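Please read the following report alongside the sequence and the coordinates. It takes up the interior first, then one strand and its partners, and ends with a single residue.

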Amino acid sequence: SERVSLPHTLFLVKVPILQDGHALYEHTFALTDDDAALNVYRMGFGIPAKIANISFDAASGVHISRRGRKLFSATGLTTAQSASQADVVAWLGGSEIGFGTGANNDVKFFPLAYYRREVHPTAVRTAAHVDVGAWAVAPEGKDMLNELLPDSGAPVEALMFEGDLDVTAWMQWVERKPGSHHEFPRGLVSMWRDFGDTNDALTKEPRADKMAYQNGDIVWVHMRINSDAVTPYLPPGVALDGDEGLVYLVRWQPADLTRPWSPNSVGVALVEYNELWVMVPVKVEGMTYMLPLLILLDEDVAMMAGRDWGGCMKKLANTTYTFSPQRVDGADVLADINRRGRDVFRLTGRLGPKVDGKPVPGLDATGDDALPTLFLDTTQFAWDPEHVRPWWGAIQGASHVFERRSLEAVKVELGDAAPEPLRLWFSGPPTSSGYVRMDQDWLMSKGGAQMKPVELKGYEEWWRRSFAVLYM
């Protein structure tokens, strides 16, 4: 894809650590105001950025909020004395380190991958030491930020500069052994990186009688695959195993992101969101799977959890999904998804009567009719795939279907932008369609490609071809 500019703001908390006697700074907490930049930071540099609203200028200071909640402010910025480029170099702090956010860092038999980064100013136009009049960090720590920064007061030192930065990045990897790496308590890291502020309706009650994903409203279509267009987006070792793809949109009401694997664990965080899945049937290691080419959703915590824990190639999108006047026979159905101003998927139609239709493989099918879903774990940048080698993860849905309905007068429009090229991947009108309402859990699939490393030959080339789809 063409090189693009991503104007954005980054709020980064770095903690000084020692690794093998070397002084480093670890990326511990980060926020940004651009979701494509978020993907690049998390997947490319190990910086665990989350989406936030950020305003920053010398006159009004810094103001940061996330999901409707104020997190940080620094106001009353006044110049104390001028600063030199050497002061800026010293303030940037030297070498930085970050842990990869992919699940391979949670698997004990894989080497631990570090991202290393150095930031150097190539041009400093203005620089000054500044005094900060007021500093405030949100109490209660829903983002756990107050575990890292004082609630109020003034910083020991503050510097403001305008200039250009050059970033050098590389991978460092070590075999796992006691004391081989520094690590914060995993509970804190998980809150800093993925959760912390999911919603105010957190639950501590066991929910063993409920599936993790509940009351899902789903519209689905089968589309004919343009094999020549899809094949370049398949990772090495993967071959198409059919001529129809599955595209479906689901609204989960709610989903418990902390317990996707079985109905026997304890729920913690509930969210409601819409999610578009674009899938094709493939064969890997002698087994047939449904492989997601793209997943778009409107909930950033679900996006980050999916990427970090499962290698799901999820990106944020704007979603309109309605049944008018309500979910009854003859209701008008509208599903419209766009991302960063690009049209991706639009479906219109009418909700038909209830039917005794067959389960759809890759969606609501279970038992002998089911097809496992395959993910490439992880979607981190391919800086060093020989050492940080992605592997296959396969899961299988277990669903409880409440009703199936037909869809009538279905029309589908597809976008063709490089990051979401659905019109290239599929052709013609839908070959079949329908509606399902169900609950779902995910179970681990056995055999085939499960937990096997991806083929290295051609992997980096695939990653480069798929860069826009993965991150932009």
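## Nonpolar cores

Which residues have the most contacts inside the largest nonpolar core? In this predicted model, they are Phe345, Trp392, Trp425 and Phe426, within a core that has 62 residues. Helix H1, which spans residues 35–45, gives this core its largest share, namely six residues. A second core, separate from the one just described, has 31 residues, among them Trp220, Trp252, Ala255 and Ile295.

For phenylalanine 426, once its neighbours within four places in sequence are left aside, the contacts are with Met223, Arg224, Ile225, Asn226, Gly245, Val247, Val278, Val280 and Leu414.

## Strand E14 and its partners

Strand E14 covers residues 287–297, and because nine of its 11 residues are buried, the strand is largely enclosed by the rest of the structure. Strand E13 (residues 270–284) runs antiparallel to E14 and is joined to it by 10 bridges, with methionine 279 standing opposite proline 292. The hairpin that E13 and E14 form has two residues between the strands, and in it glutamate 285 takes a positive phi near 50°.

E14 also pairs with strand E15 (residues 314–316), here in the parallel sense and over three bridges; in this pairing leucine 297 of E14 stands opposite leucine 316 of E15.

## Cavities

The model contains four cavities of 30 Å³ or more, and the largest cavity holds about 140 Å³ of space. Its lining consists of 15 residues, of which Tyr233, Pro292, Leu293, Met313 and Trp462 are the closest to the centre. By class, 12 of the lining residues are nonpolar and three are polar, whereas none is charged.

At least two residues of this lining come from each of three elements: E14, strand E19 (373–377) and helix H8 (467–471). Proline 292, which stands opposite methionine 279 in the pairing of E13 with E14, is thus met again here as one of the residues closest to the centre of the largest cavity.

## Threonine 322

Threonine 322 belongs to strand E16, residues 318–324. Its relative accessibility is 36%, and it therefore counts as partly exposed, since that class lies between the limits of under 20% for buried and over 50% for exposed.

Apart from neighbours within four places in sequence, threonine 322 is in contact with Arg251, Asp332, Val333 and Leu334. The C-alpha atom of threonine 322 is separated by 6.7 Å from that of alanine 335, a residue 13 residues apart from it along the chain.

Technical notes
Residues are numbered from 1 along each chain as its sequence is written. This is a predicted model: local features need pLDDT of at least 70, side-chain atom pairs count only at pLDDT 80 or more; totals for chains, interfaces and linings use all residues. Side-chain values use heavy atoms; hydrogens and water are left out. Buried means under 20% relative accessible area, exposed over 50%, partly exposed in between (1.4 Å probe, protein chains only). Helices (H or I, at least four residues) and strands (E, at least two) are DSSP runs, numbered from the N terminus. Two strands pair if DSSP finds at least two bridges between them. On a 1 Å grid over the protein atoms alone, a cavity is a set of points where a 1.4 Å probe fits but cannot get out, and a pocket is an open set with protein on both sides within 12 Å along at least five of seven lines; lining residues have an atom within 4 Å of a point. Grid points are joined across faces, edges and corners, and a volume is the space filled by probe spheres set on the points. Ala, Val, Leu, Ile, Met, Phe, Trp, Tyr, Cys and Pro count as nonpolar, Asp, Glu, Lys and Arg as charged, and the others, Gly among them, as polar. A nonpolar core is a set of buried Ala, Val, Leu, Ile, Met, Phe, Trp, Tyr and Cys residues joined through side-chain atoms within 4.5 Å. Contact means heavy atoms within 4.5 Å.
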